[in-house]
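Grab a pencil and work through these short exercises with the structure open beside you. Try each one before reading its solution.

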Amino acid sequence: MKLHLWTGCLLASLACLPLNFVNQTQVLAASQVVEIAQSSSAYNQAMRLGYTATRRRNYRLALSYFQQALQLRPNDQYATSAIRNVTGYMQRRTSLISFVPGRPGRLRAAASRGSCFINEKPAIPLIPTNKEAQLTTAANPTFYFYLPQTAKPIHSLEFILRDNDSVAPLYRTTFQPVKQAGIVSVAIPTQQASLKTGKAYTWTFSMICDPRNRDQDLFLRGKIERVQDENLSEQIQEAKQPLDQAVIYATAGFWENALSTLANLRRQKPNDPEVNKYWTDLLNSVGLDEVTNQPLLPCCDARQ
């Protein structure tokens with residue numbers, strides 16, 4: 001449809017020009033525009049067919065479509081991510097969902113000498129890697145952290161989201177400490193801050209042992225970027241089941257969306273074996289095995 005529209009507009013504009021003006025240069029330019037439009041249309045079609053095949057768990061067919069898309073757009077981010085993740089499905093034959101980061105590797109929480117954390121298990125951000133920004137389509141994403149039981153009660157939790165182009169925080173809040181080990185989530189309120197498309201943001205999360213000496217904090221840091229992809233959006237709308245949506249998000253490389261989708265399902269159906277299998281497979285695929293059975297704790301109360 002878009003290809004026909006582009007071509008029609010181009011031909012109509014050429015028809016309005018004087019005959020002596022429509023020379024060989026204009027004809028070549030018109031040909032190039034049509035060729036670009038055709039290539040774009042073929043790329044979009046290949047990506048959408050790949051997502052559809054992935055949703056149907058036909059990974060070999062999906063891989064062939066994503067490879068076609070990459071040939072049409074070499075080094076394309078979405079095609080590359082899709083190929084990497086579909087290959088991961090094929091390698092992990094018993095996994096229902098998996099995620100393969102472009103640059104694997106995750107650091108633990110920054111070490112602290114605070115008395116609260118002596119000989120404790122580390123706090124862990126639920127991210128696939130800290131070597132690249134996790135992707136999301138959400139203007140107001142949710143961040144997840146595993147927090148261990150501490151030797152002594154901690155004072156508070158702090159989350160800060162920063163726009164990399166600004167010194168002042170985009171969003172900053174503190175929370176009451178949790179009473180048990182488990183996974184907590186921090187959602188960016190719609191009325192306070194929203195991520196802009198195509199921008200990278202840095203977040204920090206701190207477990208504060210002593211507010212008078214912040215050097216004793218247990219500290220986490222990561223990056224997130226909001227991205228919009230027309231082909232992905234169309235496939236998500238067609239996928240009626242949340243589990244299918246999670247698979248598509250993971251295939252496309254959108255970790256935050258995939259994780260949030262499964263976390264919401266796990267809260268709604270905590271005893272559903274299929275939901276728990278998807279949750280476990282996704283976390284295991286990025287080396288988060290030790291937190292798969294941890295409870296999702298009620299969202300923290302913000303301190304004013």
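**Exercise 1.** Work out how strand 1 and strand 3 are joined, and where strand 1 sits in its sheet.

*Solution.* Keep in mind that this is a predicted model.
- Start with the pairing: strand 3 covers residues 142–147, and two bridges tie strand 1 to it, with the two strands running antiparallel.
- Now pick out a facing pair: across from Ile-124 you'll find Tyr-146 in strand 3.
- Step back to the whole sheet, which is open, has three strands in the order 1-3-6 and pairs them antiparallel.
- That leaves strand 1 (124–125) and strand 6 (182–187) as the edge strands, each pairing on one side only.
- Last, look for what lies on the sheet: helix 7 packs there, touching strand 3 and strand 6, and its direction makes about 65 degrees with that of strand 3.

**Exercise 2.** Decide how helix 6 and helix 7 run relative to each other, parallel or antiparallel.

*Solution.* Two packed helices are described by the angle and the distance between their axes.
- Helix 6 spans residues 242–252 and helix 7 spans residues 255–268; their axes come within 8 Å and cross at roughly 160 degrees.
- An angle over 145 degrees counts as roughly antiparallel, so helix 6 and helix 7 are roughly antiparallel to each other.
- As for handedness, the crossing of helix 6 and helix 7 is left-handed.
- On the helix 6 side, the contact uses Pro-242, Leu-243, Ala-246, Tyr-249 and Ala-250, and these meet Asn-257, Ala-258, Thr-261, Leu-262 and Leu-265 in helix 7.
- Sort the residues of this helix 6–helix 7 contact and you get eight nonpolar, two polar and no charged.

**Exercise 3.** Give the same treatment to helix 3 and helix 4: find their crossing angle and sort their contact residues.

*Solution.*
- The axes of helix 3 (residues 59–72) and helix 4 (residues 77–91) come within 9 Å, crossing at roughly 160 degrees.
- Helix 3 and helix 4 are therefore roughly antiparallel to each other, and helix 3 passes helix 4 in a left-handed crossing.
- Helix 3 brings residues including Leu-63, Phe-66 and Leu-70 to the contact, while helix 4 brings residues including Ile-83, Val-86 and Met-90.
- The residues of the helix 3–helix 4 contact split into twelve nonpolar, three polar and one charged.

**Exercise 4.** Find out how confident the prediction is, and where pLDDT drops below 50.

*Solution.*
- Overall, the protein averages a pLDDT of 83, and 81% of the residues score at least 70.
- Over residues 25–30 the pLDDT is below 50, and this stretch has five contacts in the model beyond near neighbours in sequence.
- Residues 32–37 also stay under 50, with six contacts beyond four places in sequence.

How values were computed
Residues are numbered from 1 along each chain as its sequence is written. This is a predicted model: local features need pLDDT of at least 70, side-chain atom pairs count only at pLDDT 80 or more; totals for chains, interfaces and linings use all residues. Side-chain values use heavy atoms; hydrogens and water are left out. Axes are lines fitted to C-alpha atoms, for helices over the stretch in contact, and angles run from 0 to 180 degrees between N-to-C directions. Helices (H or I, at least four residues) and strands (E, at least two) are DSSP runs, numbered from the N terminus. Angles under 35 degrees count as roughly parallel, over 145 as roughly antiparallel, 65 to 115 as roughly perpendicular and the rest as oblique. A crossing is left-handed if the near helix is turned anticlockwise from the far one by less than a right angle, and right-handed if clockwise. Contact means heavy atoms within 4.5 Å. Ala, Val, Leu, Ile, Met, Phe, Trp, Tyr, Cys and Pro count as nonpolar, Asp, Glu, Lys and Arg as charged, and the others, Gly among them, as polar. pLDDT is the predictor's confidence in each residue, from 0 to 100. Two strands pair if DSSP finds at least two bridges between them.
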